[in-house]
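Trainee: I should like to work through this model in a series of questions. May we begin with the empty space in it and then turn to the packing of its helices?

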Amino acid sequence: MNREKIKAFFDSVINRDAVASDDTTGIEFWSNKIFSLLSFFLIFLGGPILLYGSYLFYIDGYVILAMVEAMVFLVIVFAIYNKKLRTDTRKFLIILSIYVVSIVLLVYTGPYGAGMISVVFSFVLSVALLNKKRNRIFFAINLNVFVILTVLLYLDVFNGLAIEVFNNYWLVNAFTAQIVILGLSYLFTMIFDGLESQTQKIIESKTLIAEREEKYRLLADTTADMIWVYNVSTGKFVYISPSIKDLRGFTVEEAMAQHFVDKLAFDSGHHFMEEISRTTEEFIAEPDNPKRYIYEVQ
């Protein structure tokens, strides 16, 4: 398998949920792109880790926890590859699966370990990938889980586990984690709301510009006079109205292939280019003070 085929394979996997038909200026497109990249890492990197963790739990005698980790991996695979589910539901299942693993790590590594970091990371992902309604559901689930963990901790259910070793500092860590989660959720939500608002304005502006361009193009295409647009940097025509066929005998394609200056009579081309150079310098010097220029050429 050559390099191009390998690259095409990974591109198809990483971008499988960010299809070409999506609007690349929209928040949803980038959310789906992040989701595709996350899915890739979960399958090819997270999968082996989860299965190995399940194996370690099993040989240590924690059969139920081994089954939980294995089931979490299966749920992740199901959510990634089941296209029949809504994309938002698939995202929610995957983030919830990451959260379950985080709680298991929290119990077995303590509040100072990777578990608490993973819990916070789950909420960063949820704000980036989920809508506000599902974020509120996720936050409610998290609060209930921490209340249950606190009750079980003080009932000595976790006797001998890492979370129990730090029971004197559990409440401090638990409250701190909730404050960090709440703060991050608020900040990220505010950022994404701002981006979404700006994105909507950009989309509306693009639509309005496209409508105006279509209107003016229709007018230019049907007028009896010849209308043309010229790029001073390249010396090429950008647009020529179809009326050139009746007025000059050229087709639009033939005229577009010609250099504008070559079609000017006498020294018009030389003087025209000098004027263009001068006015360009004026515009660069005062871009906020545009002027209107009128030239006569033959």
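Trainee: How do the residues of the lining of the largest pocket divide by class?

Mentor: Please bear in mind that this is a predicted model. The largest pocket has a volume of about 490 Å³. Of the 23 residues that line the largest pocket, those closest to its centre include Ile-49, Leu-50, Val-101 and Leu-105, as well as Gly-46. By class, the lining of the largest pocket divides into five polar, two charged and 16 nonpolar residues.

Trainee: Which helix gives the largest share of the lining of the largest pocket?

Mentor: Four helices each supply at least two residues of this lining: α2 (27-59), α3, α4 and α5 (114-129). The largest share amounts to 10 residues, and the helix that gives it is α2.

Trainee: Is α3 roughly parallel or roughly antiparallel to α4?

Mentor: Helix α3 spans residues 63-81 and helix α4 residues 87-109; their axes lie 8 Å apart, at an angle of about 160°. Angles over 145 degrees count as roughly antiparallel. Therefore α3 is, in relation to α4, roughly antiparallel.

Trainee: How many nonpolar residues does the contact of α3 with α4 have?

Mentor: On the α3 side the contact includes Leu-65, Val-68, Val-72 and Ile-76, and on the α4 side Leu-93, Ile-94, Val-100 and Val-104 are among the residues met. Glu-69 in α3 and Arg-90 in α4 also take part. By class, the contact of α3 with α4 has two charged residues, one polar residue and, as the number requested, 13 nonpolar residues.

Trainee: What is the handedness of the crossing of α4 and α5?

Mentor: The axes of α4 and α5 are 7 Å apart and make an angle of about 165°. That angle makes α4 roughly antiparallel to α5. As for the handedness, the crossing of α4 and α5 is left-handed.

Trainee: How many polar residues does the contact of α4 with α5 have?

Mentor: Among the α4 residues in this contact are Asp-88, Lys-91, Ser-102 and Thr-109, and among those of α5 are Ser-118, Ser-122, Phe-123 and Ser-126. The contact of α4 with α5 has 12 nonpolar and two charged residues, and the polar residues number six.

Trainee: Which residue has a positive phi although it is not a glycine?

Mentor: The place to look is the loop between α6 (132-154) and α7 (162-165). The phi in question is about 65°, and the residue that has it is Asp-156.

Conventions. Residues are numbered from 1 along each chain as its sequence is written. This is a predicted model: local features need pLDDT of at least 70, side-chain atom pairs count only at pLDDT 80 or more; totals for chains, interfaces and linings use all residues. Side-chain values use heavy atoms; hydrogens and water are left out. Axes are lines fitted to C-alpha atoms, for helices over the stretch in contact, and angles run from 0 to 180 degrees between N-to-C directions. Angles under 35 degrees count as roughly parallel, over 145 as roughly antiparallel, 65 to 115 as roughly perpendicular and the rest as oblique. Contact means heavy atoms within 4.5 Å. Ala, Val, Leu, Ile, Met, Phe, Trp, Tyr, Cys and Pro count as nonpolar, Asp, Glu, Lys and Arg as charged, and the others, Gly among them, as polar. On a 1 Å grid over the protein atoms alone, a cavity is a set of points where a 1.4 Å probe fits but cannot get out, and a pocket is an open set with protein on both sides within 12 Å along at least five of seven lines; lining residues have an atom within 4 Å of a point. Grid points are joined across faces, edges and corners, and a volume is the space filled by probe spheres set on the points. A crossing is left-handed if the near helix is turned anticlockwise from the far one by less than a right angle, and right-handed if clockwise.
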